[in-house]
Structures are given as structure tokens and as C-alpha cells.
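Reader: I have a chain in front of me and want to read its fold step by step. Shall we start with overall size and then go inward?

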Amino acid sequence: MMTSVERTPFNYSYIPGPLQYSFGVRADSGHELVRVRAARTPPLDEGYRLIERYMEQVGLPVQAVCALELRSPEQFSEQGFKEFNEAYAAKLDEWRILLDGSNPVARSNVIPEKRTVSGPSVHSFTYVRPQPGAPASYVISGESDAPEGFDSYNDQLIAPGDTSPRGMRKKAEYVIGELLRRKELLGSCWDEVTDVQVYTLHSYESIHTDLSGMVPLAANIAWQYCAPPVEEWAFEMDSRRVHVEEFVQ
């Protein structure tokens, strides 16, 4: 259950979540978030080294990294996802980012259908930097049609196995409701969103009109032909308000 927002010593606040991510992050006053997209989606270990080099070049500690977007080659089983998350959290702990076992870093991790990767890879990362007078910026982690906080994700799926237009609408309504709750906890409103990413392989066209009506007109809605990270999951979204984006080789 999302009930609070915690401060970090790294100049951003976060909503505590499960092991693999926080539910969202927001830059502290006088700071801004910068999203950096990797030009070729490097494998995880290479991506980690890229992040370390980049942060050294900009003169900031790696602890300033507050969000990652990952890509994986295929959906995980629930047990496989648990094992992956444990290894991922160990890397954040090595970077001295975990706070008494709590993971402040936001994340999404999805499975491309057409542009495959050979293993878990880094699509982009976001970090926080000083910027006096910067407008509010935040990243909301990916939320799927499988609610958090239960022993088994798949026991709680929204409209399980139903990828009809009606089923997809139910999934979308649930996911958007969760994103709204996260934004409210961070002190943000839905109208501030700059980008929304939708991840599904199923009937997105059938809910596009409804979804467009639920997302702010100023926001960029990007449908990525990707599956959520775990078998049986069918729909996921994340969102952000970020004003500076860069590419890195």
C-alpha cells in the first residue's frame, strides 16, 4: 500500500515500493531530472558501466541515478522475475543507493516484440542534478495489470486472460488509477504529465480513444509494442514529467 513519500540524501523524494523499484520519484526543489537514452540498448553489465562513465563525466555520483528503463528478451516466470530483481537490487546496493534495504529508484522493464535484445538491457536512465528555478520533474514507475503487495502477482491479475476490448479497458482503467495515486502522493497533478508510455501487444487500438480521453492533451502518448515483464501480464504504462532528455553512445 502506498502511504508516504520519503526523502533521500540524493536530492529527490520517492514513494517506497517493492524490492525492484520505488513507485515514483520527484526531484527536490532547486533540482531537475534528466533522462538519458542509450543509443543501442546495451546489455545490463555494459549498461551499468555506461551509466558509471556518464555520471563521472557530468561530475555527479552514481547515487544521483533515480530511474531506469530496462528491456528483456522474454517474459519472466514469477520465480525468474524474483531472482532477476534480487540481482538488480544487489547492483543498486553496490552503488550505495539502497536506503536500509529500501529501493528509491523508479523502474520499468518490458519485453520488445519486434526489436529483440539478447538479455536484460538498459534502454534509458534518469538522474537528478542541481538546477535553480527548475520546474517540477518526476518519473512514475511502470504499472501493470498485476497489483503489487500480494504473494503471487498472477492471483491478482485484472481481467485475467481477457484481452478483448472490454478486458483491455478494465486493465487500462486500473493502471491509470494507480498512476494517478502515485502522482498525488508526489504532490503532482495529472495535467503536468509530459510523456506517457503504453506497453502492450494486445488491441491497443480498441482503447486508444478512451485512453486519449484520460490522458492530458499536452502529453505525448507513445505506444511501444512491448509486453510487461511477467508471463500472463498484458498491459503496462509509465509516465513522466521531464524537460531535459539526452542520448548517449
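Reader: What radius of gyration does the chain have, set against that of a compact globule?
Author: This is a predicted model. With 249 residues, a compact globule would have a radius of gyration near 18 Å. The chain agrees with that, at 17 Å.

Reader: What does the C-alpha trace span along its principal axes?
Author: The chain has four helices and 13 strands. Of its 249 residues, 55% count as buried. Along the principal axes, the C-alpha trace spans about 50 × 35 × 35 Å.

Reader: What share of the contacts with a separation of 6 or more comes from residues 24 or more positions apart?
Author: Take Ser108 and Pro228 as one pair of distant positions. They are 120 residues apart in sequence, yet 8.8 Å apart in space, C-alpha to C-alpha. Across the chain, the share for residues 24 or more positions apart is 81%.

Reader: Which element gives the largest share of the largest nonpolar core?
Author: That core has 43 residues, and Tyr12, Ile51 and Phe125 touch the most other members. Elements giving two or more residues include strand E2 (12–15), helix H1 (44–57) and strand E7 (121–130). The largest share is six residues, and it comes from H1.

Reader: How many residues are in the other core, the one with Ile15 and Met237?
Author: This core lies apart from the largest one. Tyr21 and Leu186 are also among its members. Its count is 18 residues.

Reader: Which residues does Phe125 touch?
Author: Leave out residues up to four places away in sequence. The partners then include Val34, Arg35 and Val36, as well as Val65, Ala67 and Leu68. The others are Leu50, Ile51, Tyr54 and Met55.

Reader: Is Ser108 buried or exposed?
Author: Ser108 lies in strand E6 (residues 106–112). Among the residues it touches are Leu68, Gly142, Tyr199 and Asp238. Its relative accessible area is 4%, and buried means under 20%. Ser108 is therefore buried.

Reader: Which side chain of opposite charge is nearest to Arg241, and how far away is it?
Author: Arg241 lies in strand E12 (residues 236–241). It is buried yet has no salt bridge. A salt bridge needs the charged atoms within 4 Å. The nearest side chain of opposite charge is Glu192, 4.6 Å away.

Reader: Which backbone oxygen lies 2.7 Å from a polar atom of the Arg241 side chain?
Author: Arg241 touches Pro135, Ala136, Ser137, Tyr138, Glu192 and Thr194, not counting residues up to four places away in sequence. The backbone oxygen of Glu192 lies 3.0 Å from a polar atom of the Arg241 side chain. The one at 2.7 Å belongs to Ala136.

Technical notes: Residues numbered from 1 in each chain as written. Predicted model: local features only at pLDDT ≥ 70, side-chain atom pairs only at ≥ 80, totals over all residues. Heavy atoms only, no water. Buried < 20%, exposed > 50% of the residue type's maximum accessible area, 1.4 Å probe, protein only. Lys, Arg positive; Asp, Glu negative; His and termini not counted. Polar contact = N/O pair within 3.5 Å; in protein donor to acceptor, adjacent residues only side chain to side chain. Contact = heavy atoms within 4.5 Å. Core = buried A, V, L, I, M, F, W, Y, C linked by side-chain atoms within 4.5 Å. Rg over C-alpha atoms; globule rule 2.2 N^0.38 Å.
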